[in-house]
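Fresh page in the notebook today. I wanted to look up how the strands sit together and what lies around the ligand.

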Amino acid sequence: MNITVINGTEKHGVTYRLKEMFLTEFRDKANITEYYLPKDCPSFCTGCLSCTLKDESTCKDAEYIGRIDKSLLEADLIVMTSPSYVFHATGAMKAFLDHFAYRWIPHRPAPEMFRKRVVIITQCLGSGAKSTAKDIKHSLSWWGISKIGIFTGALMSDIVWEKLSRRKQAELTGKIQKLSRKFAHIDYTKPAHTHLITKFKFFFCRMMQKSIHKSDPEYLDGKYWAEQKWLDSGRPWK
Ligand SMILES: Cc1cc2nc3c(=O)[nH]c(=O)nc-3n(C[C@H](O)[C@H](O)[C@H](O)COP(=O)(O)O)c2cc1C
């Protein structure tokens with residue numbers, strides 16, 4: 001199986017340590033490809049809308065985005081990590097997610113995404129890990145992904161793993177190992193179940209694309225939906 005990891009920080013801190021613990025169950029059975037932000041997606045989206053209106057290959061950062069996009073499409077499991085920065089994902093993670101706006105269901109979602117699984121790992125000192133995970137989950141659910149496992153943790157006493165109490169270390173370790181075992185037992189030859197809410201988003205956008213495609217058959221997103229046969233009876237989860 002293939003795992004693609006998007007690390008929301010380059011720091012080998014607590015987030016990194018928890019991610020390493022999560023991957024332990026998969027080390028001997030998966031090809032793991034890791035990307036570190038901002039190194040592997042170093043620039044901000046400038047809002048030129050070229051990806052949406054022309055094609056993603058025209059993005060000034062296509063070299064970075066194309067590589068990661070390919071890896072995400074080939075992955076059976078995607079792992080996204082971020083420490084909490086002012087209650088949200090790191091700026092690098094936000095910049096990364098902005099680059100994938102063209103993959104949202106209202107634009108050109110990849111059919112592969114509707115069958116994938118994701119794990120999000122976030123942690124913070126006191127409070128904010130949940131809203132950080134929610135940030136990332138929001139984007140991924142609009143990519144069409146239904147099966148999303150979440151780890152959140154709060155360190156409470158210190159920001160350095162070695163300085164945490166044994167009890168706190170055991171609590172976080174136990175929690176991440178439990179999630180890791182849960183995802184290691186999944187049969188990845190079978191596609192993930194697509195939630196009703198994802199289908200609802202799809203049908204709403206389909207209605208929109210149908211009308212846009214009718215009035216402007218050359219509009220890129222509408223053309224894409226037509227090519228996928230989604231304006232007829234084709235569905236990305238089938
Ligand atoms: C810019 C910045 C903002 C932060 N904001 C929060 C926050 O809102 N809530 C919180 O509990 N911790 C916050 N922290 C602390 C980190 O989330 C915490 O130290 C975390 O363990 C860092 O993970 P890392 O070791 O993987 O870098 C912040 C740290 C930084 C550098």
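I began with Arg117 and found its bridge partner in strand 5 to be Lys147. Helices (H or I, at least four residues) and strands (E, at least two) are DSSP runs here, numbered from the N terminus. Strand 4 and strand 5 (residues 147-154) run parallel, joined by 8 bridges. I count two strands as paired if DSSP finds at least two bridges between them.

A note to self on the source: this is a predicted model, where local features need pLDDT of at least 70, side-chain atom pairs count only at pLDDT 80 or more, and totals for chains, interfaces and linings use all residues. Residues are numbered from 1 along each chain as its sequence is written.

Next I checked the other neighbour of strand 4. Strand 3 (residues 77-83) pairs with strand 4 over 7 bridges, in the parallel sense. Met80 has Ile120 in strand 4 as its bridge partner.

Then I looked at the whole sheet. It is open, with 5 strands in the order 2-1-3-4-5 and parallel pairing. Strand 2 (31-36) and strand 5 are the edge strands, each pairing on one side only. From one strand to the next, the twist averages 15°. Helix 3 (residues 62-74) packs on the sheet and touches strand 1 (2-7), strand 2 and strand 3; its direction makes about 135° with that of strand 1. Axes are lines fitted to C-alpha atoms, for helices over the stretch in contact, and angles run from 0 to 180 degrees between N-to-C directions.

I also looked up the connection from strand 4 to strand 5. With helix 5 (residues 129-142), these two strands make a right-handed β-α-β unit (clockwise from the first strand over the helix to the second, with the strands pointing away from the viewer).

On to the ligand: which residues are closest? Among the 19 residues surrounding the ligand, the closest are Gly13, Thr15, Pro83, Cys124 and Ile159 (near means a C-beta atom, placed from the backbone, within 6 Å). Helix 1 (14-23) and strand 4 (117-124) each supply at least two residues of this shell, and helix 1 gives the most, with 3 residues.

Last, I stayed with Cys124, which lies in strand 4. Cys124 counts as buried because it has 24 C-beta neighbours inside 10 Å (buried is 20 or more, exposed 12 or fewer, partly exposed in between). Beyond four places in sequence, its contacts are Pro83, Ser84, Ala129, Thr132 and Ala154 (C-beta atoms within 7 Å).

Definitions and conventions
Contact = placed C-beta atoms within 7 Å.
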